[in-house]
Amino acid sequence: MTRIRTLPPALVGQIAAGEVIDRPASALKELVENSLDAGATRIEVELARGGTDLIRVVDDGGGIHPDDIELALANHATSKLASADDLARVGTLGFRGEALASLAAIAQVKLQSRPPDLPLGAEVSSRAGDLSVAGAWAGPSGTQVEVRHLFFSVPARRKFLRSVTTEWGHSQEAFVRVALSRPGVHFTLAHDGRLVYEVASALGVLDRVGLFFGSDVANSLYALEAERDGVTVSGYVGDPSCDRPGPSLQYLFVNGRWVRDRGVFQAVQEAYAGLVMSGRYPAAFLFLGLPAGAVDVNAHPAKAEVRFRDRAAVCTLVREAVRSRLAAAELTARAAGARKVKPADQGPVAVVPPGREPPTIGARRPDQTQPSAPAGPPFPPSPSGATPPPATVSPPPTAGLFPAVAAPPSSAGVMAKMAARAMQVLGCYLVVEEPPDRVLFIDQHALHERILFGRLHARLAAGRPECQRLLAPEPVDLPPVQAAVLREHQDALADLGLLVEGFGGGTVLLAGYPAALGRQPAASLLRGVADYLAEQDRLPGRDQLLYDLAALAACHAAVRAGDRLTDVEIGELLAQRELAQDAHHCPHGRPTAVVFERRDLEKLFKRA
Ligand code: ADP
Ligand code: MG
């Protein structure tokens with residue numbers, strides 16, 4: 001039997017510290033928040049090796065009284081709260097009195113501070129919880145905190161630090177969040193002796209977005225502002241064309257504090273229904289203002305989440321504000337014929353690939369009041385026996401649907417014949433008669449994606465993929481974490497023929513791409529790759545990487561719902577379908593086609 005004992009204070013401190021500080025980025029966040037709470041208008045951040053060796057924050061704020069300097073490093077010591085009542089209306093970013101104490105327990109910390117109205121300040125340092133005697137300090141007014149060798153005293157924790165590049169990415173992200181949250185404050189970020197960001201106080205949110213994410217993003221934003229029952233929302237939402245494969249351009253600030261919140265972004269996503277495809281995320285930089293008492297900020301040790309008293313009301317406000325802003329920009333109308341229309345929220349009528357059991361039509365349409373009726377407008381007139389639209393037999397355009405990936409050529413004659421039996425409906429489906437007894441509904445995007453995927457994957461997997469170098473490397477702006485992750489996997493990506501180089505801030509240079517991918521908007525493909533990699537816990541194996549890269553590239557290159565196809569293109573697509581093996585599902589597992597048997601139709605028309 002093991003006896004119970006009280007833990008030594010140093011160990012308690014180290015355990016507790018893990019709650020607040022889990023990597024250099026969280027230390028950076030806590031220190032900068034302290035500077036903001038102290039009313040600083042200028043905050044300089046300096047890192048070495050991503051923050052793992054050094055994090056130094058210098059501010060021009062109100063400082064710490066020399067008599068309190070040791071207290072600042074003590075646990076549960078804060079100048080920001082006095083009573084439980086205060087907790088209900090916290091107006092500062094910090095209030096738990098844990099950050100400096102946590103850092104002092106797990107790193108080497110030096111704290112120097114002088115309030116502007118005192119001639120002399122004080123300094124104190126700590127090494128893994130051992131406090132030095134405080135001394136006088138005659139530095140400039142404001143506060144300077146230096147944190148060296150994070151986790152040096154907690155080897156178990158230190159092991160969890162990722163590479164310097166990854167930590168640097170996270171640290172930049174922490175900086176970006178706080179710099180976005182406070183226009184009016186001057187911020188700088190330097191890394192390994194190099195100035196990476198200088199954010200002048202005069203720069204507004206939009207300028208800051210431009211600085212961090214590139215002018216393309218900033219130029220595609222619409223400002224919005226709304227209020228209801230004392231709750232305000234303001235900020236910017238992006239044009240649907242500026243969507244991303246992940247939520248990398250979605251930022252939420254509640255009462256000036258960056259937080260994550262699925263519910264609020266779900267509301268944003270709902271406002272974009274029909275404007276972005278599923279699986280794509282619009283840009284949104286939103287600032288919520290709530291009266292004290294309407295939100296609880298003490299819901300998470302790192303204060304990264306909040307609890308809303310009336311979450312539904314907040315989400316409704318956001319959804320409606322975003323929706324009416326998009327409507328004012330006339331995006332709803334524009335989207336009707338645009339590329340990015342989400343396929344009418346169909347939900348597959350039937351998901352059985354051709355050749356299997358005939359589906360029960362409508363079985364999967366719980367949202368339909370008349371389950372047996374096809375969604376959307378009625379079928380185009382006289383599909384049965386009527387002359388199909390004449391196929392224009394022109395030579396395939398030079399950049400057809402299957403450009404760089406040469407396939408066994410299908411003759412123009414075959415293609416024309418195929419097209420003659422098919423028509424495009426609702427902007428995204430091909431209806432094809434398969435004599436004698438079947439009609440296929442083909443999802444044009446899913447099928448094209450599937451065929452491209454099969455070829456790309458085969459080519460990529462066939463050996464070391466050939467790389468197509470760009471004459472002038474293309475700069476791509478990315479969120480810092482993603483830039484970091486690309487850099488970390490630079491070699492593995494180069495093995496696949498994807499050359500990424502020249503990293504500075506959040507910009508990377510795309511120098512080459514796998515020739516097998518053909519001509520594609522390479523920058524958006526790279527964004528997809530970065531997004532995908534940033535979501536992985538560790539680098540996927542080569543096979544997985546090849547598969548995913550091929551799937552991503554195929555998805556990017558494939559025609560979209562809403563793209564009008566020429567008869568030649570339709571013919572090409574159908575001919576390739578015949579040639580492809582297992583064209584039944586796209587790489588994501590969605591069906592490419594659903595089938596109606598004659599008897600399904602007979603049942604529908606009560607002929608049976
Ligand atoms: P909290 O921010 O929750 O109060 P911290 O551990 O982060 O707890 O800081 C403890 C205290 O040290 C703060 O309440 C504040 O009084 C003081 N302090 C920390 N950093 C600064 C700073 N940059 N300028 C002025 N005071 C500071
Ligand atoms: Mg604090």
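The largest pocket of this predicted model holds about 1800 Å³ of space, where a pocket is an open set of points on a 1 Å grid over the protein atoms alone that a 1.4 Å probe fits, with protein on both sides within 12 Å along at least five of seven lines. Its volume is the space filled by probe spheres set on the points, which are joined across faces, edges and corners. The lining (residues with an atom within 4 Å of a point) comprises 50 residues, with Glu173, Arg177, Pro247, Trp258 and Arg260 nearest the centre. Among the elements giving two or more residues to this lining are α1 (9-20), β12 (250-254) and α17 (522-535), while α7 gives the most, with 7 residues. Helices (H or I, at least four residues) and strands (E, at least two) are DSSP runs numbered from the N terminus.

Turning to the ligand, 19 residues surround ligand 1, each with a heavy atom within 4 Å; Asn34, Thr78, Ser79, Lys80 and Gly97 come nearest. Polar contacts (pairs of N or O atoms within 3.5 Å) link oxygen atoms of ligand 1 to the side chain of Asn34 at 2.8 Å, to the side chain of Thr78 at 2.5 Å and to the backbone of Phe95 at 2.9 Å. The protein covers 93% of the 530 Å² of accessible area (Shrake-Rupley method, 1.4 Å probe) that ligand 1 has on its own.

Residues are numbered from 1 along each chain as written, with chains lettered from A and ligands numbered from 1 in written order. Local features need pLDDT of at least 70 and side-chain atom pairs 80 or more, whereas totals for chains, interfaces and linings use all residues; side-chain values use heavy atoms, without hydrogens and water.

Technical notes
Polar contact = N/O pair within 3.5 Å; in protein donor to acceptor, adjacent residues only side chain to side chain.
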